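Reader: Hi! I am in my first year and still learning to read protein models. Could you take me through one part of this one slowly?

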Amino acid sequence: MFTVNPFAELSASIPPAVMQTYVVVMTVLVAAGTLFDIVHKGSAKYFFANWRKTKSKARQVGGGELASIAVHTAVVDVLASGEFCNARRRIAHLLTMYGFLLYVTSTAVMVFGYPTPAVATPDVWPTLWWIGGLMILIGGYWFWFFIRVDVAAEGSSPFRLMRADLFVLSLLASVTLGLVWAYAQTRGSSWTHAWFALYVIATTVLFGSVPWSKFAHMFFKPAAAFEKRVSYADGTRSNLPGPANKPEQFGSARTAPRHY
């Protein structure tokens, strides 16, 4: 099961060209949705306007320092999700993020590189597809039921839905249904086509709802993290005051906070 390319098996009923076209369309939807989100919310306009506003009163940051900041941002904020102070939240996010990268990459490779059983698929790609999908489910469901602040801290029901939940819910639905479909297909289940139809619907919602979900944040966050580090390096601090010169009041690494 873990070494079978589910898309090659699907080629018996759906031509590979149709699957490949669908993947391309989903990619275009993500790009178009992200651009629409940037224009609609004015994210890029605000970013560059704020950069120009603070540039005149900022310390000049050299090219070497900018390169160092860029590397630090990529390693700490992007690859290690350093923005999350809570260890459980960071682990859940890393599982979901790296799982998504494995899942999407292996999907593209199998759909475009090994679309039919006539071209043998190396075992590594279906295995990575399953590993990536399971990582998403572990990180995503762990976050949804146990880590979300409105559930863990405020006692709200994990089944309380908001529009902000569209991205994580559509992602979990797409991956869950994808793995169920692949399993049913290997077992020759009569429900295989029904599971696949639900998988396609959930995946279309995931990639087609970018303007209304948090999907585009994965592209904004690295730029925002880089801008924040540059603002601290040049002294502007995003127009925020410097740290107060007085003892900590709200807990520290040594003392647990008691003000919540």
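Author: Happy to; what follows is a walk around helix H9 and its surroundings, and then a visit to helix H10.

Please keep in mind that this is a predicted model, where local features need pLDDT of at least 70, side-chain atom pairs count only at pLDDT 80 or more, and totals for chains, interfaces and linings use all residues. Residues are numbered from 1 along each chain as its sequence is written, and side-chain values use heavy atoms, with hydrogens and water left out.

Let us start with the whole chain. Its secondary structure comes to 10 helices and 0 strands; helices (H or I, at least four residues) and strands (E, at least two) are DSSP runs, numbered from the N terminus. Of the 260 residues in the chain, 33% are buried. Here buried means under 20% relative accessible area, exposed means over 50%, and partly exposed lies in between, using a 1.4 Å probe and protein chains only. Contact means heavy atoms within 4.5 Å. Among the contacts with a separation of 6 or more, 72% are between residues 24 or more positions apart.

Now to helix H9. It has 17 residues and reaches 24 Å from its first C-alpha to its last, close to the 24 Å expected at 1.5 Å a residue. That expected span is 1.5 Å times one less than the number of residues. The buried residues of H9 are Thr192, Phe196, Tyr199, Ala202, Thr203, Leu206 and Phe207. Because they cover an arc of only 130° around the axis, they sit on the same side of H9; the arc is that of the directions from the helix axis to the C-beta atoms. An α-helix has 3.6 residues a turn, so residues three or four places apart point the same way. On the face turned away from the buried side, H9 carries the exposed residues His193 and Ile201.

Tyr199 is a good place to pause. Leaving aside neighbours within four places in sequence, Tyr199 is in contact with Phe7, Tyr103, Trp129, Ser174, Leu177, Gly178 and Trp181. Tyr199 also belongs to the largest nonpolar core, which has 35 residues; Phe7, Trp129, Tyr199 and Phe215 touch the most other members. A nonpolar core is a set of buried Ala, Val, Leu, Ile, Met, Phe, Trp, Tyr and Cys residues joined through side-chain atoms within 4.5 Å. The elements that give this core two or more residues are helices H1 (6-10), H2 (16-41), H5, H6 (124-147), H8 (166-186) and H9 (192-208). H8 gives the most, with 9 residues. In soluble globular proteins, nonpolar side chains tend to be buried together.

The aromatic rings deserve their own look. Rings of Phe, Tyr and Trp (its six-membered ring) pair if their centres lie within 6.5 Å; planes under 30 degrees apart count as stacked, over 60 as edge-to-face and the rest as tilted. By this rule there are 9 aromatic pairs. Trp129 and Trp130 form an edge-to-face pair, 5.7 Å centre to centre with 85° between the planes, and both are buried. The rings of Trp181 and Tyr199 have their centres 5.6 Å apart and their planes at 15°, so this pair is stacked. Since Trp181 lies in helix H8 and Tyr199 in helix H9, the pair ties together parts that are 18 residues apart in sequence. Trp181 and Tyr199 are both buried. Ring pairs join Phe2, Phe7, Tyr103, Trp129, Trp130, Trp181, Phe196 and Tyr199 into a cluster.

Finally, helix H10. Its 17 residues (217-233) should span 24 Å at 1.5 Å a residue, and its end C-alpha atoms are 24 Å apart, which agrees. Ala225, Glu227, Val230, Ser231 and Ala233 are buried in H10. Arg229 forms a salt bridge with Asp77, with the closest N and O atoms 2.6 Å apart. The pair links distant parts of the chain, with Arg229 in helix H10 and Asp77 in helix H4 (residues 63-79), 152 residues apart. A salt bridge is a side-chain nitrogen of Lys or Arg within 4 Å of a carboxyl oxygen of Asp or Glu, and by this rule the count comes to 1. Arg229 counts as partly exposed because its relative accessibility is 26%, whereas Asp77, at 15%, counts as buried.
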